[in-house]
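User: I would like to go through the aromatic rings here. Please explain how each label is earned.

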Amino acid sequence: MKILSSNIRNLTGGRGRLLHSSLAVLALSGAVGTLHAQEAALEEVVVTGIRASITESVNTKRSANAIVDAITAEDLGKFPDKNVADSLSRITGVSVTRGFGEGEKIAVRGTSPNQNRTLLNGAAVASADWFILDNPSRAFNYTLLPSSIVSALEVYKTPQASLQEGSLGGTVMLRTRRPLDMAQNTGVIQVQGQYSETSEEWDPSISALYSWKNDAENLGFNISLTRQDRTLLREGTEVLGFENQDFGRGALWVPRALGDAYFEQDRDRETVLFTGQWRPSDSGQFTLTYLDSGLDANNSNYNRYEWLNGNNGGTIDPATAVVTGSGVIAGEVAGSFAEYYVIDRVSYSETGSLDLLYEHNFEQLSLRARLGHTEAEGGTSRDRHYGWGAPLDRTEFNGLSHTPYLNGQVESDAQLGTRGLGWMQENARVMDDDENYASIDIDFALDTGVFNSLKSGLLYRDHNKGQMMTLTRFHWLSDAMHADGTNAYKSGDTAGWDRWFSPEPEFMDGNLNADLLGNYTRNRSGAPYPLMNIHAAQNVIFPAQAYENAVTVLNLPENWNVEEEILAAYLQADFDGEGFRGNLGLRMVQTRVGSRGYNLQGDPLAAAIDMLGGYDLLVKAVDATTEDFNIHQETLEHDYTEILPSANVAFDIAENQVLRLSAARVMARPDYITIANQESANLDTQTGRRGNPQLEPETANQFDLAWEWYFAEGAVLAATYFQKDIANSVINSTSVDFRFDERLGEDIPVLFIQPVNGKGAKVSGIELSYQQNFGNFGVIANYTYTDANSRDARDSVNNPGSGLIPGQSENMANLTGFYENDWISARLAYNFRTQWYDGLSEFGSEAYIDDYGQWDASITVSPWENWDFVLEAINLTGEELEYYHIDEARAARLYDNGARYLLGANYHF
């Protein structure tokens, strides 16, 4: 990051020194102090204490104008949730992705994560992903934020003109604590240990919060410091893409490759949140909020797989193939090729923001002026690849089970150890995201008929998101490494050159003597095969000597930047009368997009090598026809304006019943990767993606109807119907181009997918919720039904993903039971969603996730006034993530993240 992240590290002297200096034990849990007064009435699930909060949430819900769900900090302390996304999953209509066992991204009401927005105290928060396979997106990565820093979570399901646009599903508002609203010299310290079932490791979590204000209560600050470690191990089996082909049984879906994956990661999350307030007069107040959150996410991925569909090996024997539905689920492949592939990555993700807010109350109006900056950076700063390949006799597979045969027997661990190094490379891919923003909001008090307030405002945002990717290679020959007069790459006498590595069949010509895989294996620790000792291998295969003649080039199509200039203005009128209340508004938004990327003629790899100079022979070997690559950066521009009306009204139709109506037009800008002037290709699976900077935003006309019955003290039964008519949905078009494959040394066809605007979709559904206390016991339950249908044609073979809506589960449900008295609080919670389409995988195949249900539990014991002892369990039953491809019988992946258990103590002062 250009400003905040690097400067934050300089100012604090490094995250570690800051977090370990003044406080030896750091913690933050639950709410300290009262909540900042909210501008909108909220449907709050829990406020302070479980039983008391039920009654308060019912009263607040009853007086709300819009449809807004919320969880407060007391709830975060009770739920077994270590980050914000896990907490949001308890809300009706909210779904969460948990690819690595922890909530990462959220979606609301049948939308995908990139169609929802997250704001921190009303302002944008930059986000960047650590995972190499994640593309730059509008979706916020919640792994950056521990739930302990947040005082309230609000999900706006119906918009209002004063709320920032950009969401088709919902807008999540994260609220943090303000010192002038808290008691003087208060705080909390928390120490926890977390045990992960798969890694069998205990990891510490330490955090603290301190809040101060002067006696005059016009100057104060609070600071929270959090550190959470996690040793992550994910075991799984995965198909590396599917291909529709005819191997003698007609056109069928067949797996490209099948392997056992073993993923290890050390996560280290550190978060600093500082809030300062100064009230120079009774009518004016400054609030400064500073956030710095970083996640070190170094990881290693092992995979032992076999090619099954003709890539580097044989094809499926038609006589042995077992066909179910539209594809093959079992069979035998003679002459298959196997790879033991290891990727070791240095990965990270960090975000920072600095926000200044001034609020002033005049006699007839109130003013809010805001100025801020936020930025994020993340990705993989270095990934090293180790490929150990060998031909096999055959491979038998059945579902996700596969058996390699070598020399007439099942390949043994000893035989696996005889494989030689067939490939090595190093890459880097880093994403950045930053935004400068300024806004002013004015609220005029009215006494004109039923209208009591007129709100207006302006917002300016200058947003940039992009990525940079480089390739480091150890086997390329420069022209000077060839004998004089040589006119073809690697021809003639090449005795004078010096290089580190040469792939098969010439690998013995390089200076590297990697020897055999068996020299680097270590204790498998429960893995399905011996694991390579990465430290030992990198000392031999990637020493300093390896870089003396290595070459690093830009991966030109994957280097790009998108800039958006956004100007928004709104007008909103609030009203109330006898038995009704609500608001009407209009928001106008202008967006200017500039998408910058490399433009060139010919093969992108050849063009990148040509930029080095002195590699003409290699350039011609990759692309023999292009004389002038004409490499230059080009910015493609696009702009659009949207008018977004909204209306929310609530009627008190009876003494204990409320009827709510909402209608609005909403918009979601296309995801960054879809409008980037870029291209990416996976040559192993012969699939690729391109951006389209001319995409229009997705828009929707939405309608909500809600009924609520308050049938007893502290109890409510509610039902909501919602409908979204979506236009300009983003779909894919396909085309085939040729790209040079380094490992094969030849051009291969690549199926490129490029987004275009489609015909749209219709999403409708019902939300049901119920909550009630029974003495010391209580229950909270909700259910969401969603029906989503695309208007675009379905063609899974020629256009994967067409006619589908990502992220939509037909059924979602939450059930929480609790017990609470003066010294103990216990919860048992179940979160469930039915199958959903998860989008195209990194291999270009449609990926679906089967039904998923997770049990969580927590017990808090408070034997003394200032002490709490906590036991939590996450994913109690060890639910696995099961993927399939189109037909449920055709398994695609299976991942086991295991259960986690936390034991800790909180001290309040």
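**Rings and charges**

Analyst: This is a predicted model. Start with Arg 234: its charged end sits over the ring of Tyr 895, at 3.6 Å from the ring centre. Arg 234 also lies over the face of Phe 100, 4.2 Å from that ring's centre.

User: What makes 3.6 Å from the centre of Tyr 895 fit the distance cut-off for a charge over a ring?

Analyst: CZ of Arg must be within 6 Å of the ring centre. The value for Arg 234 and Tyr 895 is 3.6 Å, so the distance condition is met.

User: How many aromatic pairs does a search of the whole structure find?

Analyst: The search finds 35. In one of them, Trp 130 and Phe 131, the ring centres are 5.1 Å apart and the planes are at 50°.

User: Why is the pair of Trp 130 and Phe 131 called tilted?

Analyst: Stacked needs planes under 30 degrees apart, and edge-to-face needs over 60. The angle here is 50°, so the pair is tilted.

User: Why is Trp 130 called buried?

Analyst: Buried means under 20% relative accessible area. Trp 130 has 2%, so the label fits. Phe 131 has 15%, so Phe 131 is buried too.

User: What makes Trp 388 and Tyr 520 an aromatic pair?

Analyst: Centres must lie within 6.5 Å. Theirs are 5.9 Å apart, so the rings pair. The planes are at 45°, and this pair is tilted.

User: How do you know that this pair links distant parts of the chain?

Analyst: Trp 388 is in strand β19, while Tyr 520 is in the loop between β24 and β25. They are 132 residues apart.

Note on methods:
Residues are numbered from 1 along each chain as its sequence is written. This is a predicted model: local features need pLDDT of at least 70, side-chain atom pairs count only at pLDDT 80 or more; totals for chains, interfaces and linings use all residues. Side-chain values use heavy atoms; hydrogens and water are left out. Rings of Phe, Tyr and Trp (its six-membered ring) pair if their centres lie within 6.5 Å; planes under 30 degrees apart count as stacked, over 60 as edge-to-face and the rest as tilted. Buried means under 20% relative accessible area, exposed over 50%, partly exposed in between (1.4 Å probe, protein chains only). Helices (H or I, at least four residues) and strands (E, at least two) are DSSP runs, numbered from the N terminus. A charge sits over a ring if NZ of Lys or CZ of Arg is within 6 Å of the ring centre and within 35 degrees of the ring normal.
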